[in-house]
Amino acid sequence: MPIKKGNKLVELREDVVNGLARIYESGIRDASNFTTFVNDLLLDVMKRERFLSEYKAFSHLTYGGGRAGRLFIKDTQR
């Protein structure tokens, strides 16, 4: 299969492809085709990693719950 200009070929293990295919077929994420699904998923992972790297200084803070308009944050350094 020819590769479109600007794209790269990436090899994935069979178990990874099978897992991705199961998720794609379940319809959890809306995508027009499998390639779009994988690309969108990887873009989301990249955004998440970039966000986490920017806020790593606050990694000791976690969500502790919420109630009646209040937000509880757990601080593991305290």
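Start by selecting arginine 48 and glutamate 49: the two form a salt bridge, with the closest N and O atoms 3.2 Å apart. This is a predicted model, so keep that in mind as you click around. Colour by accessibility and arginine 48 comes out as exposed, at 51% relative accessibility. Glutamate 49 sits at 42% and counts as partly exposed.

**More salt bridges**

The whole structure holds 3 salt bridges, so there is more to pick up. Select arginine 13 and aspartate 15, whose side chains meet at 3.1 Å, N to O. Arginine 13 is exposed at 58% relative accessibility, whereas aspartate 15, at 48%, is partly exposed.

Now go to arginine 29 and aspartate 44. Their closest N and O atoms are 2.1 Å apart in this salt bridge. What does the pair tie together? Arginine 29 is in the loop between α1 and α2, while aspartate 44 belongs to helix α2, so the link joins parts that are 15 residues apart in sequence. Both ends are partly exposed: arginine 29 has 29% relative accessibility and aspartate 44 has 32%.

**The aromatic cluster**

Next, show the rings of Tyr24, Phe34 and Phe37, which form one aromatic cluster. There are 3 aromatic pairs in the structure. Take tyrosine 24 with phenylalanine 37: the ring centres are 5.6 Å apart and the planes stand at 50°, so this pair is tilted. Tyrosine 24 comes from helix α1 (residues 14-26) and phenylalanine 37 from helix α2, so the pair ties together parts 13 residues apart in sequence.

Which of these rings is buried and which partly exposed? Phenylalanine 37 is buried, at 2% relative accessibility. Tyrosine 24 is partly exposed at 25%.

Stay here and centre on phenylalanine 34, which is also in helix α2. At 28% relative accessibility, phenylalanine 34 is partly exposed. Ask the viewer for its contacts, skipping neighbours within four places in sequence, and you should get Val17, Leu20, Ala21 and Tyr24. For a backbone check, draw a distance between the C-alpha atoms of phenylalanine 34 and alanine 21: the value is 7.4 Å, for two residues 13 apart along the chain.

**A histidine in a loop**

Move on to histidine 60, in the loop between α2 and β1. Is histidine 60 buried or exposed? With 15% relative accessibility, histidine 60 counts as buried, because the cut-off is under 20%. Leaving out residues up to four places away in sequence, histidine 60 touches Lys74, Asp75, Thr76 and Gln77.

**The nonpolar patch**

For the last stop, switch on the surface and select Phe51, Leu52, Tyr55, Phe58, Leu61, Tyr63, Leu71 and Ile73. Together these residues form a nonpolar patch on the surface with about 870 Å² of accessible area. Which elements each supply at least two residues of the patch? They are α2 (34-54), β1 (61-67) and β2 (70-75).

Finish on isoleucine 73, a patch member that lies in strand β2. Isoleucine 73 is exposed, with a relative accessible area of 53%.

Conventions. Residues numbered from 1 in each chain as written. Predicted model: local features only at pLDDT ≥ 70, side-chain atom pairs only at ≥ 80, totals over all residues. Heavy atoms only, no water. Patch = residues over 30% accessible without salt bridge, like charges linked within 9 Å, V, L, I, M, F, W, Y side chains within 5 Å. Areas by Shrake-Rupley, 256 points an atom, 1.4 Å probe, with all protein chains shown as cover. Salt bridge = Lys/Arg side-chain N within 4 Å of Asp/Glu carboxyl O. Helix = DSSP H or I, 4+ residues; strand = E, 2+ residues; numbered from the N terminus. Buried < 20%, exposed > 50% of the residue type's maximum accessible area, 1.4 Å probe, protein only. Phe/Tyr/Trp six-rings, centres within 6.5 Å; stacked < 30°, edge-to-face > 60°. Contact = heavy atoms within 4.5 Å.
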